[in-house]
Amino acid sequence: MRAARLIKMVLLLQSRSSMTAAELAGELEVSERTVTRDAQALSEAGVPVYAERGRAGGYRLVGGYRTRLTGLARGEAEALFLSGVPGALREMGLEDAASAARLKVSAALLPSLRDASRSAAQRFHLDAPNWFAEPATPGLLPAVADAVWDDRRITTRYRRTERGGRPEPGGRTEPGAGREPAPETEREVEREVERELEPYGLVLKAGVWYLCARVADGGAFRVYRIDRFTAVAPGEERFTRDEAFDLPAFWQERAEQFARSLLRAEVVVRLSDEGVRRLPYAVDPRSARQALAAAGAPDRDGLVTATLSVESEEVAHGQLTGLGPEVEVLAPAGLRERFARDAARFAGLYRS
């Protein structure tokens, strides 16, 4: 364990001109005291690690020292070949570049590791799209991907949804594809808007491509569905990236905001033991877990009463219908009446 950490420390210092003890501790996931001890051990082993004291001090390698400890172990080589998503690279127009890179890496490996790409591919495969969804590649994706790689501003036209639409992870709105139609009061209206954007990163989520971008000239960071762009024109001007921007963290935050924003209504239900077990599979799992955690003890009939956050009464009707007699809707009154009508129709259909 320590040997691997010492090698990683040397490689970190080799790739950067200087690093503070705090930075090294963060990268190596150890304490600063451990960093000091490791630096001393490297120095005693002949690796010229130099410590500079003071507020601007840190650790660096002296005299352009380069280690030869850059060979890949089998596990590392196999992990490297897992780092790309073939379908995503193809859709972004990067399949040829990725193939050439894989060939170069394979040629550089030891003969005993040449089969790493095949062994990894035969053990793991990522199929990004959802079930029962026809994957479609947005026609403008390669142009957007080029701008992302090149840090180049783009002028876009975007189909924006307004008036009761559901917000996308970054504040934009999108229709609820695959869901029941929204009530008449929530009909969605689309219009095209033009935006000059600084494209920071692409995200592939359940077969759908999103662009995380900043509105030009210091605007807000937003998320846009690529398939809603109707025009993308790369500009001549490059932008300076905000080094503090963290794409995975940004996406996680916006995705959580998006999920919370969907759950705008509440339904009170009474559940059997089987209903409690099946609830997370019928509705949003997070909402189900929160509702069940806040529910009280079962009543004398063994039924649990819970308040469930849902997208709308319309959506809740479709979701809870799948639980059949394992759930009773107590409120709101309109939804309970709807289930009562459904029950009467079922009774009529199955009456012998």
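In this predicted model, a search of the whole structure turns up eleven aromatic pairs. A good one to start with joins Y210 and W251, whose ring centres lie 5.2 Å apart. Their planes meet at 50°, so the pair is tilted; the tilted class takes in angles that are neither under 30 degrees nor over 60. A pair of aromatic rings is described by the distance of the centres and the angle of the planes, and both values are therefore given here for Y210 and W251.

The contact is also a link between distant parts of the chain. Y210 belongs to strand β7 (residues 208-215), whereas W251 sits in helix α9 (residues 247-262), and 41 residues separate the two. Both partners are shielded: Y210 has a relative accessible area of 6% and is buried, and W251, at 14%, counts as buried too, because the cut-off for this class is under 20%. Elsewhere, Y200, F221, F239, F245 and F250 come together as one aromatic cluster.

One member of that cluster, F221, leads to the neighbour of β7. Strand β8 covers residues 221-225, and four of its five residues are buried, so the strand is largely enclosed by the rest of the structure. Strands β7 and β8 run antiparallel to each other and are paired over five bridges. Within this arrangement, R214 is found opposite F221 of β8.

The hairpin of β7 and β8 has five residues between the strands, and D217 is located in this loop. The backbone of D217 is worth a closer look: its phi is near 65°, a positive value in a residue that is not glycine. With a relative accessible area of 63%, D217 is exposed, in contrast to Y210 in β7, which is buried at 6%.

A second positive phi occurs on the other side of β7, at A206, in the loop that connects β6 (189-205) to β7. Here phi is about 55°, and again the residue is not a glycine. A206 is partly exposed, with 35% relative accessible area, a value that falls between the cut-offs of 20% for buried and 50% for exposed.

A further backbone feature concerns a proline. The peptide bond leading from A331 to P332 is cis, and its omega is near 5°. P332 is placed in the loop between β12 (327-331) and α13 (333-350).

Note on methods:
Residues are numbered from 1 along each chain as its sequence is written. This is a predicted model: local features need pLDDT of at least 70, side-chain atom pairs count only at pLDDT 80 or more; totals for chains, interfaces and linings use all residues. Side-chain values use heavy atoms; hydrogens and water are left out. Rings of Phe, Tyr and Trp (its six-membered ring) pair if their centres lie within 6.5 Å; planes under 30 degrees apart count as stacked, over 60 as edge-to-face and the rest as tilted. Buried means under 20% relative accessible area, exposed over 50%, partly exposed in between (1.4 Å probe, protein chains only). Two strands pair if DSSP finds at least two bridges between them.
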